[in-house]
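I opened this structure for the first time today and kept a notebook as I went. The entries follow in the order in which I looked things up.

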Number of protein chains: 2
Amino acid sequence: MSTAHGARARARIEVTAAIKEEARRQLAAEGAARLSLRAVARELGMASSALYRYFPSRDDLLTALIIDAYDSLGEAAEAAHEAAAGAGPARRWTAVCEGVRGWALRHPHEYALIYGSPVPGYTAPRSTVPPASRVALVLIGILRDAHRGGGLARPPLPADLRPEAVRMAADFAPDLPPEAAAAMVAAWAQLFGLVGFELFGQFNRVVEDRETFFRHAAGQLARTVGLELPQQDGGGRTPAPQAAGTGGEGSSAGS
Amino acid sequence: MSTAHGARARARIEVTAAIKEEARRQLAAEGAARLSLRAVARELGMASSALYRYFPSRDDLLTALIIDAYDSLGEAAEAAHEAAAGAGPARRWTAVCEGVRGWALRHPHEYALIYGSPVPGYTAPRSTVPPASRVALVLIGILRDAHRGGGLARPPLPADLRPEAVRMAADFAPDLPPEAAAAMVAAWAQLFGLVGFELFGQFNRVVEDRETFFRHAAGQLARTVGLELPQQDGGGRTPAPQAAGTGGEGSSAGS
DNA sequence: ATCGAAAAGAGAGCAGTGCTCTTGCTTTGG
DNA sequence: CCAAAGCAAGAGCACTGCTCTCTTTTCGAT
């Protein structure tokens, strides 16, 4: 009896995984453009032609890696969110932002693969869409929570943006006010602008203390989407230790 | 005499220009990864090896194209700025943002070349730094003007960001208050986040009316760097429920 | 258990790439 | 005027993605 389509199918999964693993290694070491099917096969001790039984083309391998990268980033974002579960929406927002940044710094080439220039003539297939939205879903979730708790500011929505904002909200953030949906999408893109600039060297002779800079930029982002930051520093200049430590310190935002 | 190394040198720059031109054509048609020295040479009717007299490597050709792209983008930004010369700072800011976006939409592959993932092991040489800063310089100029005219809000600067902000201002925006310098750098990165997301397809099933969406996102960006927008359309001036103490508006500097 | 089909591996080969080296030719400058 | 320097071209190396053929292995029926 054993496994229905047992041995052979299992071997296939294993080989597929091994290929992806080795490919990911080369990706991390050399970047997407230098990822070579032949090199992967060589490293795995198999003929390059045999590899085509598993991935019909180099682009298909890349697609698999892209999906994995999206998932890995999504997981990181979700983990960062859960680690800040107790905190208020604004803090959770910045936590997720920092989670995204941290993942990007840890996996620069994979980040480049999904948020850098699209590869040659390559266009991402539909299967990349769901994993690609995981980060956005986390952010939407935070805004939804804030909205339910009444902690979401609703800045005026210009008339000509309204239809678009309404459509956005209807499409993928049903329980969010339109202005929040629109602001969220903008902030989403802007977040990756910050991360990308740091990662791709645009900040090289510009931003020194990237950690601090990013934290405040993310906080600013939270503010523009309508999240109130718990007593950042209103009029008075608090010495504001701005705890870098995890959780603990600022129960804040109790409400 | 005057034409010291006359004919030969002139031929050299002509051939160099022809190579770059053809390379740019292929770049626009196929993207950076598919740019082939051999194909360029073939199209120009010369041996591929001859091309190496002009560009010692493919990366050097790419570097030349990168510099040109930065300059082209910088020109577009400056042109957009001048076209809005009469308007107030906020409007000029959004004009420059839209200029950047327009250029990116018109030259997607060149945009990808400079703001997408860096090519393989390639690291941009110093010579790319000045042309890369042209857009930022335009934005800084707008803020400087607004600052001189008193039309620049000064949101509170968190204590731990201050050293960094002071350094930034000192380094490349000497006559700007530190908080403006820091906010400007963030907005700069965020602007390219918006443009990149639109260009690289991240907005594909998300943002429909990109034009309108971008215009308002750019306006929001202007606001976060401290520029007050003269009320556009839609609702009247609604008191912003921003928690972050701004509330300030003062005289909307006309000009 | 056997046999045929399906899946998987291996090798050769094609067309393409970046890049180097050698060989001739032309322009230039002393 | 002639050597030196710059330039073009060809051959060749090592590499790539990918296809095609051929052999071996494995699996599911009979």
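**Entry 1: two helices of chain A**

I began with H4(A) and helix H8 (residues 134–148) of chain A, whose axes come within 8 Å and cross at roughly 20°. Angles under 35 degrees count as roughly parallel, and H4(A) and H8(A) are therefore roughly parallel to each other. I note here that this is a predicted model.

I then listed the residues that meet. H4(A) brings Tyr70(A), Leu73(A), Gly74(A), Ala77(A), Glu78(A) and His81(A). From H8(A) I noted Arg134(A), Val135(A) and Val138(A). Sorted by class, the contact of H4(A) with H8(A) has five nonpolar, two polar and two charged residues.

**Entry 2: domains of chain A**

I looked up how chain A is divided, and found domain 1 (7–56) and domain 2 (65–224). The C-alpha centres of these two domains of chain A lie 31 Å apart. Where they touch, seven residues of domain 1 of chain A are in contact with seven residues of domain 2 of chain A. I sorted the domain 1 side of this contact in chain A into four nonpolar, one polar and two charged residues.

**Entry 3: DNA strand D**

Which residues are the closest to DNA strand D? I found 22 residues surrounding the strand, and the closest are Ala7(A), Ser49(A), Arg58(A), Met46(B) and Ser49(B). I also checked which helices each supply at least two residues of the surface near DNA strand D. In chain A these are helix H1 (6–30), helix H2 (37–44), helix H3 (48–51) and helix H4 (58–83). In chain B they are helix H1 (6–30) and helix H3 (48–51). The surface near DNA strand D has eight nonpolar, seven polar and seven charged residues.

**Entry 4: DNA strand C**

I repeated the search for DNA strand C, which 22 residues surround. The closest are Ser49(A), Ala7(B), Ser49(B), Ser57(B) and Arg58(B). For the surface near DNA strand C, at least two residues each come from H1 and H3 of chain A. H1, helix H2 (37–44), H3 and helix H4 (58–83) of chain B also each supply at least two. By class I recorded eight nonpolar, seven polar and seven charged residues on the surface near DNA strand C.

**Entry 5: H5 and H10 of chain B**

I moved on to helix H5 (residues 89–106) and helix H10 (residues 178–199) of chain B, whose axes come within 10 Å and cross at roughly 30°. That makes H5(B) roughly parallel to H10(B). I recorded the crossing of H5(B) and H10(B) as right-handed. On the H5(B) side the contact is made by Cys97(B), Val100(B), Arg101(B), Ala104(B) and Leu105(B). H10(B) adds Leu191(B), Val195(B) and Leu199(B). The residues of the contact of H5(B) with H10(B) are seven nonpolar, no polar and one charged.

**Entry 6: H5 and H11 of chain B**

How does H5(B) lie against helix H11 (residues 210–224) of chain B, and at what angle do the axes cross? The axes come within 9 Å and cross at roughly 130°. That makes H5(B) oblique to H11(B). Here too I noted a right-handed crossing, with H5(B) passing H11(B).

In H5(B), I listed Ala90(B), Trp93(B), Thr94(B), Cys97(B), Glu98(B) and Arg101(B). They meet Phe214(B), Arg215(B), Ala218(B), Gly219(B), Leu221(B) and Ala222(B) in H11(B). My class count for the contact of H5(B) with H11(B) is seven nonpolar, two polar and three charged residues.

Conventions:
Residues are numbered from 1 along each chain as its sequence is written. Chains are lettered from A and ligands numbered from 1 in the order in which they are written. This is a predicted model: local features need pLDDT of at least 70, side-chain atom pairs count only at pLDDT 80 or more; totals for chains, interfaces and linings use all residues. A residue is near a molecule or strand if its C-beta atom, placed from the backbone, lies within 6 Å of it. Helices (H or I, at least four residues) and strands (E, at least two) are DSSP runs, numbered from the N terminus. Ala, Val, Leu, Ile, Met, Phe, Trp, Tyr, Cys and Pro count as nonpolar, Asp, Glu, Lys and Arg as charged, and the others, Gly among them, as polar. Axes are lines fitted to C-alpha atoms, for helices over the stretch in contact, and angles run from 0 to 180 degrees between N-to-C directions. Angles under 35 degrees count as roughly parallel, over 145 as roughly antiparallel, 65 to 115 as roughly perpendicular and the rest as oblique. A crossing is left-handed if the near helix is turned anticlockwise from the far one by less than a right angle, and right-handed if clockwise. Two residues are in contact if their C-beta atoms, placed from the backbone, lie within 7 Å. Domain bounds come from an automatic or database domain assignment.
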